[in-house]
Amino acid sequence: MVLPLAVARLDVQTLTDPAGLRAAGEVTASTRSTWQEALGVLTRLCQETVHVELSGVTFMDVAGVTDLVVTAQGLSVGRRIVVHRPPAQMPRLLEMFWPALGTIEVAR
């Protein structure tokens, strides 16, 4: 018996109040372009603080976290990203590889 392969999926919606985005699914190699496009939207928002709601994300690989970090590092001075309800591995990766990064805040 051959079972069909599960294909990773990532759905992203923009938020207006607070400004930012909501993602659901998985951030992996197969959904990375969708994730990168969504992060590009964040850089074009005019608000000082943008929010990323990740309660619906079941997995995010290191490359996905790196994309978020690179986006945050590219924000103009005074801007930041607040991440809400990330998958469990994200805060650990941020603390491990980018402990002094001040442009991303993980809301607890």
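This text walks through the sheet of a predicted model and the helices associated with it.

The sheet is open and built from five strands, arranged in the order β1-β2-β3-β4-β5 with mixed pairing. Its edges are β1, residues 10-16, and β5, residues 104-107, each of which pairs on one side only. On average, and with direction ignored, neighbouring strands of this sheet are turned by 20° against each other. In general, the strands of a sheet pair through backbone hydrogen bonds, in either a parallel or an antiparallel arrangement.

The walk starts at the edge strand β1. Strand β2 covers residues 19-27 and runs antiparallel to β1, to which seven bridges join it. A residue pair to look up here is D11 with A24, its bridge partner in β2.

Next comes the pairing of β2 with β3. These two strands run parallel and are joined by seven bridges. Within this pairing, G20 stands opposite H51 in β3. To get from β2 to β3, the chain passes through helix α1, residues 32-44, and the resulting β-α-β crossover is right-handed.

The following step leads from β3 to β4. Five bridges hold this pair in the parallel sense. Here E53 has H84 in β4 as its bridge partner. The chain crosses from β3 to β4 by way of α2, again as a β-α-β crossover, and this crossover is right-handed.

Two helices can now be placed relative to the strands. Helix α2, residues 62-73, packs on the sheet and touches β2, β3 (49-60), β4 (80-84) and β5. The direction of helix α2 makes about 145° with that of β4. Helix α3, residues 89-97, lies across β3, β4 and β5. The angle at which helix α3 runs to β3 is about 115°.

One residue of helix α2 can be examined at the level of contacts. T71 is located in this helix. Is T71 buried or exposed? T71 counts as buried because its relative accessibility is 12%, and the cut-off for buried is under 20%. Apart from neighbours within four places in sequence, T71 is in contact with L39, T43 and I81. Of these partners, L39 and T43 fall within the residue range 32-44 of helix α1, while I81 falls within the range 80-84 of β4. T71 of helix α2 therefore has contacts with both helix α1 and strand β4, and it is buried at 12% relative accessibility.

Note on methods: Residues numbered from 1 in each chain as written. Predicted model: local features only at pLDDT ≥ 70, side-chain atom pairs only at ≥ 80, totals over all residues. Heavy atoms only, no water. Pairing = 2+ DSSP bridges. Helix = DSSP H or I, 4+ residues; strand = E, 2+ residues; numbered from the N terminus. Axes fitted to C-alpha atoms, helices over the stretch in contact; angles between N-to-C directions. Contact = heavy atoms within 4.5 Å. Buried < 20%, exposed > 50% of the residue type's maximum accessible area, 1.4 Å probe, protein only. Right-handed = clockwise from strand over helix to strand, strands pointing away.
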